[in-house]
Amino acid sequence: MKSDFYYMGEALAQARLALAAGEVPVGAVAVGERGELLGRAHNRPLTLSDPTAHAEVLALREAARLLGNYRLLAVSLYVTIEPCLMCTGALLQARVRRLVFGAPDPKAGACVSLYRLPEDPRLNHRLEVLAGVREAECRELLQEFFQARRG
């Protein structure tokens, strides 16, 4: 199986597609237990006029469709930024095994920054989380986007 570094590169490629489309540059890939790519997506809320069209949700939808099951027990999700409340909730509902993300999100992160949902003992699923993979690259893409908008 390829490394976390490799799969985060796939997520970064998706984030660059979002950037090119004028969306907030967030990318995600869902990876199966044998290293197969099950879903790839980038942020598309503007393009789709859909507030739920975050990269994480779209990648989970694609993986679930491919596997024919909403429970993604053996799936790891790689995403360029720490997931928000909605996306973390989706990961928990899907029973995703592992989350790997790049940059933390101190304003909206629901895994380690603002909230810590994956380890909340009141919930019926725990999500393994690895933070900081290719963090600088992920953060730079976001900074580039927001600096250009403020320009």
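Is Leu60 buried or exposed? Leu60 is buried, with a relative accessible area of 7%. The cut-off for buried is under 20%. This is a predicted model, and the account below starts from that one residue.

## Leu60 and its surroundings

Leu60 sits in helix H3. Residues up to four places away in sequence aside, Leu60 touches Leu72, Leu77, Ala90, Leu91 and Val96. Leu77 in turn stands opposite Leu99 in strand E4. The C-alpha atoms of Leu60 and Ala41 are separated by 8.9 Å. Along the chain, Leu60 and Ala41 are 19 residues apart.

## Helix H3

H3 covers residues 55–67, 13 residues in all. From its first C-alpha to its last, H3 reaches 18 Å. That is close to the 18 Å expected at 1.5 Å a residue. Gly68 follows H3, and its phi is positive, near 70°.

Which residues of H3 are buried? They are Ala55, Glu56, Val57, Leu58, Ala59, Leu60, Ala63 and Ala64. What do the buried residues of H3 pack against? Their partners are strand E1 (27–31), strand E2 (37–42), strand E3 (76–81) and helix H4 (85–93).

## H3 against H4

The axes of H3 and H4 come within 9 Å. They cross at roughly 25°. That angle makes H3 roughly parallel to H4, because angles under 35 degrees count as roughly parallel. The crossing of H3 past H4 is left-handed.

Side by side, the two helices share a set of contacts. From H3 come Glu56, Val57 and Leu60. From H4 come Met86, Cys87, Ala90 and Leu91. Ala90 and Leu91 are also among the residues that Leu60 touches.

## The sheet

How many strands form the sheet, and in what order? There are 5 strands, in the order E2-E1-E3-E4-E5. The sheet is open and its pairing is mixed. E2 and strand E5 (128–131) are the edge strands, each pairing on one side only. From one strand to the next, the twist averages 15°. H3 packs on this sheet and touches E1, E2 and E3. The direction of H3 makes about 150° with that of E2.

In general, strands of a sheet pair through backbone hydrogen bonds, either parallel or antiparallel. Both senses occur here. E1 and E3 run antiparallel, joined by 4 bridges. Ala28 has Val79 in E3 as its bridge partner. E3 and E4 pair in the parallel sense over 5 bridges. Strand E4 covers residues 98–103. E4 and E5 also pair in the parallel sense, over 4 bridges. Leu99 stands opposite Val129 in E5, and Leu77 stands opposite Leu99 in E4.

How many residues of E3 are buried? The count is 6 of its 6 residues, and E3 is mostly covered. E3 is one of the strands that the buried residues of H3 pack against.

## Loop residues

Three loop residues are set out here.

| Residue | Loop | Relative accessibility | State |
|---|---|---|---|
| Ser49 | between H2 and H3 | 66% | exposed |
| Arg95 | between H4 and E4 | 13% | buried |
| Pro104 | between E4 and E5 | 37% | partly exposed |

Most residues other than glycine have a negative phi, and most peptide bonds are trans. Ser49 has a positive phi of about 50° although it is not a glycine. Arg95 has a positive phi of about 65°, and it is not a glycine either. The two take opposite states. Ser49 counts as exposed because its relative accessibility is 66%, and exposed means over 50%. Arg95, at 13%, counts as buried. Helix H2, which comes before the loop of Ser49, covers 45–48.

Pro104 falls in between. At 37% relative accessibility, Pro104 counts as partly exposed. What is Pro104 in contact with, leaving aside its neighbours within four places in sequence? Its contacts are Ile81, Glu82, Ser113 and Glu135. The C-alpha atoms of Pro104 and Leu114 are separated by 9.5 Å. Those two residues are 10 residues apart along the chain.

How values were computed:
Residues are numbered from 1 along each chain as its sequence is written. This is a predicted model: local features need pLDDT of at least 70, side-chain atom pairs count only at pLDDT 80 or more; totals for chains, interfaces and linings use all residues. Side-chain values use heavy atoms; hydrogens and water are left out. The expected span of a helix is 1.5 Å times one less than its number of residues. Buried means under 20% relative accessible area, exposed over 50%, partly exposed in between (1.4 Å probe, protein chains only). Contact means heavy atoms within 4.5 Å. Two strands pair if DSSP finds at least two bridges between them. Axes are lines fitted to C-alpha atoms, for helices over the stretch in contact, and angles run from 0 to 180 degrees between N-to-C directions. Angles under 35 degrees count as roughly parallel, over 145 as roughly antiparallel, 65 to 115 as roughly perpendicular and the rest as oblique. A crossing is left-handed if the near helix is turned anticlockwise from the far one by less than a right angle, and right-handed if clockwise.
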